[in-house]
Amino acid sequence: VEIDNIQNNMWDDYNISYSEALNYYDKALSRNHINKQIKELKTKIKALGEVSVNSIEQYKQLNERYSFLQNQKFDLEMAMDDLQEVIGDITKTMERQFKQEIQIISEYFNKVFCELFGGGTARLVLKDESRVLNSQIQIEAQPPGKKLQSISLLSGGEKALTAISLLFGILKRKPCPFCVLDEIDAPLDEGNLGNFCKFLNNFTEDTQFVIITHRKTTMEASDVLYGITMEEKGVSRLVSVRFDDIAS
């Protein structure tokens, strides 16, 4: 009975009969060694966890998903490389065009500066030509009788006239149909203000200017004057005067 039980257990536990087991019999093996081996193998089998009958199908699905994502990753990397190349080309083009525009505007700036100041010289300088698009732009001006210096070292009136020169230098390069100037003439003395008004009239053919000002000379140089009057307390009214109509 005991032998039958052992044979039955062999079949249940190891799926092998007594006659089949005799083929693996090795006299050199000791019982302790065999028990130790059995224990180690059981531990390894237990560590594997539960066996999933769907593991092969799951592996196929995961492998397909992995392959799909790998292809997507490859496509994205290729697209990123292409975009980086395009960005590099665009950046080089922007740097080249920006340097050209700065040079052209600097030339117009110098011409306008000489006209408004009656001489001198002015220019735009890139402080870091190795990083054109991120470089600061320095404005250097030399009014008649003075040395070339940064705009920050000029007087208030000179700064204003230099800024006006730069503005009109840009307008010479790229005229616009409409421009609003808010008290741009406030820091100018009467001499420079007269030059400014004469120079402004040269641009009126291509650009319409709306100037907010309190200076009499600028008002006299205008074609139309708009103002706000309060004939009654709390009631404001717009008044306009066209100088051509008055002259006629």
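Here is a chat between a colleague and a modeller about the structure above.

Colleague: Before we start, what kind of model is this, and how are residues numbered?

Modeller: It is a predicted model, where local features need pLDDT of at least 70, side-chain atom pairs count only at pLDDT 80 or more, and totals for chains, interfaces and linings use all residues. Side-chain values use heavy atoms, with hydrogens and water left out, and residues are numbered from 1 along each chain as its sequence is written.

Colleague: Okay, let's do the sheet. Which strands are the edge strands of the open sheet of three strands?

Modeller: Helices (H or I, at least four residues) and strands (E, at least two) are DSSP runs, numbered from the N terminus. Two strands pair if DSSP finds at least two bridges between them. In this open sheet the order is β1-β2-β3, with antiparallel pairing. Each edge strand pairs on one side only, and those strands are β1 (121-126) and β3 (149-150).

Colleague: How many bridges join β1 to β2?

Modeller: Take one example: Leu124 has Ile139 in β2 as its bridge partner. On the other side, β2 (residues 137-142) pairs with β3 over two bridges, also in the antiparallel sense, and Ala141 has Gln149 in β3 as its bridge partner. For β1 and β2, which run antiparallel, the number of bridges is six.

Colleague: Which side chains of β1 point to one face and are buried?

Modeller: Buried means under 20% relative accessible area, exposed over 50%, and partly exposed in between (1.4 Å probe, protein chains only). The side chains along β1 alternate, and Thr121, Arg123 and Val125 point to the other face and are not buried. The buried ones are Ala122, Leu124 and Leu126.

Colleague: Now the helices. At what angle do the axes of α4 and α6 cross?

Modeller: Two packed helices are described by the angle between their axes and the distance between the axes. Axes are lines fitted to C-alpha atoms, for helices over the stretch in contact, and angles run from 0 to 180 degrees between N-to-C directions. The axes of α4 and α6 (residues 190-201) come within 9 Å, and they cross at roughly 130°.

Colleague: So what do we call α4 relative to α6?

Modeller: Angles under 35 degrees count as roughly parallel, over 145 as roughly antiparallel, 65 to 115 as roughly perpendicular and the rest as oblique. The crossing is at roughly 130°. That makes α4, relative to α6, oblique.

Colleague: Which residues in α6 does α4 meet?

Modeller: Contact means heavy atoms within 4.5 Å. From α4 (residues 55-117), the residues taking part are Val112, Glu115 and Leu116. Their partners in α6 are Asn192, Asn195, Phe196 and Phe199.

Colleague: Let's look at rings. How far apart are the centres of the Phe168 and Phe203 rings?

Modeller: Rings of Phe, Tyr and Trp (its six-membered ring) pair if their centres lie within 6.5 Å; planes under 30 degrees apart count as stacked, over 60 as edge-to-face and the rest as tilted. A search of the whole structure finds seven aromatic pairs. For Phe168 and Phe203 the planes are at 55°, so the pair is tilted, and the centres are 4.9 Å apart.

Colleague: Why does that pair tie together parts that are apart in sequence?

Modeller: Phe168 lies in helix α5 (residues 156-173), while Phe203 lies in the loop between α6 and β5 (208-212). Both residues are buried. The pair therefore ties together parts whose separation in sequence is 35 residues.

Colleague: Which residues do ring pairs link into a cluster?

Modeller: Phe168 also forms a tilted pair with Phe209, at 5.9 Å centre to centre and 40° between the planes. That pair links helix α5 and strand β5, with the two residues 41 residues apart. The cluster is Phe168, Phe196, Phe199, Phe203 and Phe209.

Colleague: Is Ile228 buried or exposed?

Modeller: Ile228 is found in strand β6 (residues 224-232). Not counting residues up to four places away in sequence, Ile228 touches Ser236, Arg237 and Leu238. Its relative accessible area is 63%, so Ile228 is exposed.

Colleague: Last one: what is the phi of Asn15?

Modeller: Asn15 sits in the loop between α1 (2-14) and α2 (18-21). At 55% relative accessibility, it counts as exposed. Although Asn15 is not a glycine, its phi is positive, at about 55°.
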